[in-house]
Amino acid sequence: MTTLQLPLVSTCSASSCAYNRDSACHAGAITVTGDASTCGTYVESGTQAGQDATASVGACHRSECVFNAALECTAQDVAIESSGDVASCRTFQLA
Ligand code: SF4
């Protein structure tokens with residue numbers, strides 16, 4: 001069995017997300033979804049969520065990204081940026 005090294009979320013500017021502390025994501029892993037590379041793990045809640053460690057990218061549905069292999073992300077790390085009411089992967093690059 002091969003152990004997959006998941007890319008870390010290097011930074012996230014979605015400060016309204018319950019997993020966000022000091023521009024870092026603390027979910028166990030995020031899923032990037034949709035036509036706009038949206039972070040599908042984003043959630044607003046009155047409760048602080050997540051763990052101490054920095055989040056990884058667990059899965060990504062943007063198969064057209066240069067870093068995507070079999071719906072997994074192979075980038076070194078990714079940056080998530082808040083724009084309006086969505087958080088999107090800024091590391092996305094069209095293959
Ligand atoms: S860099 Fe590409 S493959 Fe990785 S999470 Fe972002 S959109 Fe998905």
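The shell around the ligand is made up of ten nonpolar residues, three polar residues and one charged residue. The model described here is a predicted one. In total, 14 residues surround the ligand, and the closest are Cys60, Cys65, Cys73, Cys89 and Phe92.

Attention now turns to a loop with unusual backbone angles. Strand 7 covers residues 68–69 and strand 8 covers residues 72–73, and Ala70 lies in the loop between them. Leu71 lies in the loop between strand 7 and strand 8 as well. Ala70 has a positive phi although it is not a glycine, and a positive phi is also found at Leu71, again not a glycine.

Ser45 belongs to another part of the chain, the loop between strand 5 (38–39) and strand 6 (56–60). The C-alpha atom of Ser45 is separated by 21 Å from that of Cys89, and these two residues are 44 residues apart along the chain. Cys89 is also one of the residues closest to the ligand.

Are these loop residues buried or exposed? A residue counts as exposed if 12 or fewer other C-beta atoms lie within 10 Å of its own. Ala70 is therefore exposed, with 6 such atoms. Leu71, with 12, is exposed because its count still falls within that limit. Ser45 is exposed because it has 10.

| Residue | Phi | Other C-beta atoms within 10 Å |
|---|---|---|
| Ala70 | about 55° | 6 atoms |
| Leu71 | about 65° | 12 atoms |

Key:
Residues numbered from 1 in each chain as written. Predicted model: local features only at pLDDT ≥ 70, side-chain atom pairs only at ≥ 80, totals over all residues. Near = placed C-beta within 6 Å. Nonpolar A, V, L, I, M, F, W, Y, C, P; charged D, E, K, R; others polar. Helix = DSSP H or I, 4+ residues; strand = E, 2+ residues; numbered from the N terminus. Buried ≥ 20, exposed ≤ 12 C-beta atoms within 10 Å, placed from the backbone.
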